[in-house]
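Hello,

Here is the structure I promised to pass on to you. Please have a look at it first, and then read on for what turned up.

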Amino acid sequence: MIDRLSRIKDRYDEISNLLMDPEVSRDISRLTELSIELKSLEPVILLFAEYNSTLESIEELKEMSHDSDPDIVEMAKMELEELKPQIPIIEDKLHVLLIPKDPNDEKNVIVEIRGAAGGSEA
């Protein structure tokens with residue numbers, strides 16, 4: 001999962017750089033295509049950044065729990081207890097976001113509703 005998220009992050013950075021390119025800004029269709037792709041990757045990137053910052057915070061708190069000051073150790077343990085349950089929640093959200101999207105999701109649909117013929121439900 002981390003490898004796939006890293007590739008998505010690389011693609012996000014690549015698209016961001018392409019959007020700054022003057023050649024791309026002249027081609028409206030390419031610019032629109034890249035903007036849509038960037039917008040679709042944004043929720044994954046933001047959640048991945050939150051995941052990484054939570055992991056980093058947990059590592060820092062683990063280091064702080066070995067401090068000589070008992071108040072700092074207690075505070076670190078309390079914060080660690082708050083952050084640890086967040087990791088599986090964020091991972092579950094990332095798994096959902098990594099499910100491939102159906103290409104027809106963005107298309108409009110026309111639904112025709114007809115009245116029933118006869119009976120008590122009419």
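**Salt bridges in helix H1**

Asp13 and Lys9 both sit in helix H1, four residues apart, which is about one turn of the helix. Their side chains meet in a salt bridge, with 3.1 Å from N to O. Asp13 is partly exposed, at a relative accessible area of 31%, and for Lys9 the value is 31% too, so Lys9 is also partly exposed. Before I go further, please keep in mind that this is a predicted model.

Helix H1 has further pairs to show you. Asp3 and Arg7 form a salt bridge through their side chains, at 3.2 Å from N to O. Why are Asp3 and Arg7 separated by about one helical turn? Because they are four residues apart in helix H1.

Arg11 and Glu14 are another pair in helix H1, this time three residues apart, again about one turn of the helix. The salt bridge between their side chains spans 3.2 Å, N to O. Arg11 has 25% relative accessibility and so counts as partly exposed, and Glu14, at 40%, counts as partly exposed as well. This pair does not stand alone: salt bridges with shared partners link Arg11, Glu14 and Glu37 into one network. As background, side chains of opposite charge can pair when their charged atoms come close.

How many salt bridges does a search of the whole structure find? It finds six, and the Asp3 to Arg7 bridge is one I would start with on screen.

**The nonpolar core**

Now to the inside. The largest nonpolar core has 22 residues, and those that touch the most other members are Leu5, Ile8, Tyr51 and Leu94. Several helices contribute: H1 (2-19), H3, H4 (70-83) and H5 (86-97) each provide at least two residues of this core. Which helix gives the largest share? That is H3, with 10 residues. In general terms, nonpolar side chains tend to be buried together in soluble globular proteins.

Two buried residues are worth a click. Ile90 belongs to helix H5, and because its relative accessibility is 4%, Ile90 counts as buried. Ala76 has its place in helix H4, and with a relative accessible area of 0%, Ala76 is buried too.

**Distances across the chain**

I also looked at a few pairs of residues that are separated along the sequence. Here they are, with C-alpha distances:

- Leu46 and Lys9 are 37 residues apart along the chain, and their C-alpha atoms are separated by 9.8 Å.
- Gln86 and Tyr51 are 35 residues apart along the chain, with 8.8 Å between their C-alpha atoms.
- Ile90 and Ile36 are 54 residues apart in sequence, and 24 Å lie between their C-alpha atoms.
- Ala76 and Ile99 are 23 residues apart in sequence, and their C-alpha atoms are 35 Å apart in space.

Some context for the residues in that list may help. Leu46 is part of helix H3. Is Leu46 buried or exposed? At 55% relative accessibility, Leu46 counts as exposed, given that the cut-off for exposed is over 50%. Gln86 lies in helix H5 and is partly exposed, with a relative accessible area of 34%. Tyr51, the partner of Gln86 in the list, is one of the core residues that touch the most other members.

**Patches on the surface**

Finally, the outside. Which residues gather in a patch of negative charge on the surface? They are Glu56, Glu59, Glu60 and Glu63. Glu63 is in helix H3, which covers residues 28-64, and at 60% relative accessibility Glu63 counts as exposed.

There is a nonpolar patch on the surface as well. Val109, Val111 and Ile113 form this patch, and together they have about 380 Å² of accessible area. Val109 is found in the segment after H5, and with a relative accessible area of 67%, Val109 is exposed.

If you open the model with a single view in mind, I would put the core members Leu5, Ile8, Tyr51 and Leu94 on display, and then add the glutamates of the negative patch, Glu56, Glu59, Glu60 and Glu63.

Happy browsing, and all the best!

Definitions and conventions. Residues numbered from 1 in each chain as written. Predicted model: local features only at pLDDT ≥ 70, side-chain atom pairs only at ≥ 80, totals over all residues. Heavy atoms only, no water. Patch = residues over 30% accessible without salt bridge, like charges linked within 9 Å, V, L, I, M, F, W, Y side chains within 5 Å. Areas by Shrake-Rupley, 256 points an atom, 1.4 Å probe, with all protein chains shown as cover. Salt bridge = Lys/Arg side-chain N within 4 Å of Asp/Glu carboxyl O. Lys, Arg positive; Asp, Glu negative; His and termini not counted. Charge placed at Lys NZ, Arg CZ, Asp CG, Glu CD. Buried < 20%, exposed > 50% of the residue type's maximum accessible area, 1.4 Å probe, protein only. Core = buried A, V, L, I, M, F, W, Y, C linked by side-chain atoms within 4.5 Å.
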